[in-house]
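Please look over the model below before reading on. The report then walks through its bonds, its strands and its internal space.

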Amino acid sequence: QVQLVESGGGLVQAGGSLTLSCAASGSIFPILTMAWYRQAPGKQRELVAGITRGGATNYADSVKGRFTISRDNAKNTVHLRMNNLKVEDTAVYYCNLRDVLNRDSWGQGTQVTVSS
């Protein structure tokens, strides 16, 4: 009964920046973590960045120093600022929410395409 809606995806040139946003609505229990995952065609889904209720973050090695995850717990939102985008970042990006009952919710995905 939790709905996650991503926005902000699109087409950008390599070296450019983009910000993804995810808004959660519905019957939301207290949140443990929110995160961004991505999946490129023919590849496994991978964790890009995550953030806990307390603000601790973790990033995939491939995006460290380029991406920043942030959240507003009161608004149940999470953002992903992506700088210095690379062609390899092209993927569908999915928002994930895990509540205190360890239940995962997923957004529908938003396409990010980085052109050379």
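What follows is a short tour of a predicted model.

**The disulfide**

A disulfide is a covalent bond between the sulfur atoms of two cysteines. This structure holds one. The partners are C22 and C95, with their sulfur atoms 2.1 Å apart. The pair ties together distant parts of the chain. C22 lies in strand β3, residues 18-26, and C95 lies in strand β9, residues 91-99. They are 73 residues apart.

What is the handedness of the disulfide? The torsion about the S-S bond of C22 and C95 is about -85°, so the disulfide is left-handed.

Are these two cysteines buried or exposed? Buried means under 20% relative accessible area. C22 has a relative accessible area of 2%, so C22 is buried. C95 is at 0%, so C95 is buried too.

**How strand β9 pairs**

Strand β9 also has several strand partners. Eight bridges join β9 to β4, and the two run antiparallel. In this pairing T33 stands opposite R98 of β9.

β9 also pairs with strand β11, residues 110-115. That pairing is antiparallel and has three bridges. Here V92 has Q111 in β11 as its bridge partner.

Strand β10, residues 104-106, pairs with β9 as well. Again the sense is antiparallel, over three bridges. N96 stands opposite W106 in β10. β9 and β10 form a hairpin with four residues between them. In that turn, N102 has a positive phi of about 60°.

**From β4 to β6**

Now go back to β4. Six bridges join β4 to β5, which run antiparallel. W36 stands opposite A49 in β5. These two strands form a hairpin with six residues between them. G42 in the turn has a positive phi of about 80°.

Next comes β6, residues 57-59. Three bridges join β5 to β6, and they run antiparallel. A49 appears again here: its bridge partner in β6 is Y59. β5 and β6 form a hairpin with four residues between them. G55 in this turn has a positive phi of about 100°.

In a regular strand the side chains alternate between the two faces of the sheet.

**Salt bridges**

Side chains of opposite charge can pair when their charged atoms come close. How many salt bridges does the structure hold? There are six. The table lists three of them.

| Salt bridge | Distance, N to O |
|---|---|
| R38 and E46 | 2.7 Å |
| D104 and R98 | 2.8 Å |
| D99 and R103 | 2.9 Å |

Which of these residues are buried, and which are partly exposed? Take R38 and E46 to begin. R38 has a relative accessible area of 6%, so R38 is buried. E46 is at 33%, so E46 counts as partly exposed.

The pair of D104 and R98 comes next. D104 is partly exposed, with a relative accessible area of 36%. R98 is at 33% relative accessibility and also counts as partly exposed. R98 has appeared before, as the residue that T33 stands opposite.

Then come D99 and R103. D99 is at 3% relative accessibility, so D99 counts as buried. R103 is partly exposed, at 38%.

Some salt bridges share partners. In this way R38, E46, R66 and D89 are joined into one network.

**The cavity**

The structure holds one cavity of 30 Å³ or more. About 40 Å³ of space lies in this largest cavity.

Which residues line the largest cavity? They are I31, T33, M34, I51, T52, R53, R71 and N73. Two elements give two or more residues to the lining: β4, residues 31-39, and β5, residues 46-52. The largest share, three residues, comes from β4. The lining divides into three nonpolar, three polar and two charged residues.

**Putting the parts together**

Two strands return in several sections. β9 carries C95 of the disulfide and pairs with β4, β11 and β10. β4 pairs with β5 and gives three residues to the lining of the largest cavity. One residue links two of these topics: T33 stands opposite R98 in β9 and is among the residues that line the largest cavity.

How values were computed: Residues numbered from 1 in each chain as written. Predicted model: local features only at pLDDT ≥ 70, side-chain atom pairs only at ≥ 80, totals over all residues. Heavy atoms only, no water. Disulfide = S-S within 2.5 Å. Buried < 20%, exposed > 50% of the residue type's maximum accessible area, 1.4 Å probe, protein only. Salt bridge = Lys/Arg side-chain N within 4 Å of Asp/Glu carboxyl O. 1 Å grid on protein atoms, 1.4 Å probe; cavity = no way out; pocket = protein on both sides within 12 Å on 5 of 7 lines; lining within 4 Å. Points joined across faces, edges and corners; volume = space filled by probe spheres on them. Nonpolar A, V, L, I, M, F, W, Y, C, P; charged D, E, K, R; others polar. Pairing = 2+ DSSP bridges.
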